[in-house]
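Thanks for coming, everyone. I have one model to walk you through today. Let me put it on the screen.

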Amino acid sequence: MEGQEQDQEVPSDTTHNINGDSESIPNLDGVEKILGYKFNNKSLLEEAFTDPSYPEKCFSYERLEYLGDSVLNLLFTKEQYFLYPDLPPGSLTRLRSANVNTEKLARVAIKLGLHHYLRHNKPLLEEQIREFSEEILDYPLQSNGLVDAPKALADIVESAIGAVFIDCDYSIDTVWKVFKELLEPMIEPETMKTHPVTELYEVCQKKKLKVKFVDLWKESTAFHIFIDDQLLGMATYAPKKEIALNRAAKDALNNIERILTDKINASVDHRLS
């Protein structure tokens, strides 16, 4: 699939790394090979791949992730400002967001195999990563909120950026040189898709259809969507309300053709009668 490489070779010492066993701590030399960057300060690399849940460590990637998030936003702002001189600020903001959001960065972590080096003590995370890796196969570039991306995956990409930024004496150019190709494929104006909820509103407004969202998430983790008083979209997803809403909107978009066909047929029957 586009932007998805073959399975990365898993470091031999990363198995069962959730228990904090010193014999199973991932060897981070592989990260340097992936990044094509040799760290002067190895402790930054260790910090960048240590989740707050990991036992027996007094540090985690949280501060580096905070720094890397800001650096990444600046890098994309600079890149897009000169790459798309005719795009207005609002479009540039949406484009940048599409390239730095949780799903996009989580895809990068999977593509590069960085998740194999994450030190954590979250028993459910491995299963979440497996599910995410399978689900994105249906969406080669972006899902627009239909897939639940583990935040920890995006966090380690940002923390790695923060670590390189500090290690190279705060050189923005060096960080971009290291990460630009790794962040591919970039989402461009031509490939950026509309969010399903936004698209549904736009379609209904254009076709003069009445749309109604029914929030049942607290009761049954579901959303129902009625178009002209007909139930056309529904979805359930317990972990995140937003994803249940997005999937219901996507379901409604897939079924809305029936409403439009009925309207056309009714109009034809009216003219013939």
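**A buried asparagine, two cores and a sheet**

Start with N246. Leaving out residues up to four places away in sequence, N246 touches N144, G145, L146, H195, P196 and V197. Keep in mind that this is a predicted model. N246 sits in helix α11, residues 241-272. Is N246 buried or exposed? Its relative accessibility is 1%, so N246 counts as buried. One of its neighbours deserves a closer look. A polar atom of the N246 side chain lies 2.9 Å from the backbone oxygen of G145.

Now step back to the whole chain. We have eleven helices and three strands. Follow the elements from the N terminus and you read α-α-α-α-α-α-α-α-α-β-α-β-β-α. The chain has 273 residues, and 44% of them are buried. Take the contacts with a separation of 6 or more. Of those, 64% are between residues 24 or more positions apart.

Next, the cores. How many residues does the largest nonpolar core have? It has 50. The residues with the most contacts inside that core are L35, F49, L114, V164, V175, F179 and L183. Which helices supply it? At least two residues each come from α1 (29-35), α2 (42-48), α3 (62-83), α5, α6, α7 and α8 (172-179). Helix α7 gives the most, with ten residues.

Look at L35 in particular. Beyond its neighbours within four places in sequence, L35 is in contact with V164, V178, F179 and L182. Two of those names, V164 and F179, you just heard in the list of core residues with the most contacts.

There is another core, apart from this one. That core has 19 residues, including V197, A235, A252 and L253. Remember V197? V197 also touches N246.

Back to one of the helices that supply the largest core. Helix α6 covers residues 125-135, and its buried residues are L125, I129 and F132. Down the axis of α6, these buried residues fall within an arc of 65°, so they line one face of the helix. What covers them? The cover includes α5 (102-112) and α7 (151-167).

A quick stop at a loop. P55 is in the loop between α2 and α3. With a relative accessibility of 26%, P55 counts as partly exposed. Now find N121. P55 and N121 are 66 residues apart in sequence. In space, their C-alpha atoms are 7.2 Å apart.

Now the sheet. Three strands form an open sheet, ordered β1-β2-β3, with antiparallel pairing. Which strands are at the edges? They are β1 (211-216) and β3 (230-236), and each pairs on one side only. On average, neighbouring strands are turned by 20° against each other, direction ignored.

Take the pairings one at a time. Six bridges join β1 to β2. In that pair, V211 stands opposite I227 of β2. Six bridges also join β2, residues 222-227, to β3. Here we have three pairs to point at. F223 stands opposite A235 in β3. F226 faces L231 across the pairing. I227 stands opposite Q230. So much for the partners; A235, you will recall, is also among the residues of the 19-residue core.

Why say that β2 is largely enclosed by the rest of the structure? Because five of its six residues are buried. As a general reminder, side chains in a regular strand alternate between the two faces of the sheet.

The turn between β2 and β3 is worth a glance. This hairpin has two residues between the strands. One residue to click on is D228, which takes a positive phi near 50°.

Last item, the helix on the sheet. Helix α9, residues 196-206, lies across β1 and β2. Helix α9 runs at about 145° to β1.

To wrap up, three things to look at on your own screens. First, N246, buried at 1% relative accessibility. Second, α7, with ten residues in the largest core. Third, β2, with five of its six residues buried. Over to you for questions.

Methods
Residues are numbered from 1 along each chain as its sequence is written. This is a predicted model: local features need pLDDT of at least 70, side-chain atom pairs count only at pLDDT 80 or more; totals for chains, interfaces and linings use all residues. Side-chain values use heavy atoms; hydrogens and water are left out. Buried means under 20% relative accessible area, exposed over 50%, partly exposed in between (1.4 Å probe, protein chains only). Helices (H or I, at least four residues) and strands (E, at least two) are DSSP runs, numbered from the N terminus. The arc is that of the directions from the helix axis to the C-beta atoms. Contact means heavy atoms within 4.5 Å. A polar contact is a pair of N or O atoms within 3.5 Å; within protein, one must be able to donate a hydrogen and the other to accept it, and residues adjacent in sequence count only if both atoms are side-chain atoms. A nonpolar core is a set of buried Ala, Val, Leu, Ile, Met, Phe, Trp, Tyr and Cys residues joined through side-chain atoms within 4.5 Å. Two strands pair if DSSP finds at least two bridges between them. Axes are lines fitted to C-alpha atoms, for helices over the stretch in contact, and angles run from 0 to 180 degrees between N-to-C directions.
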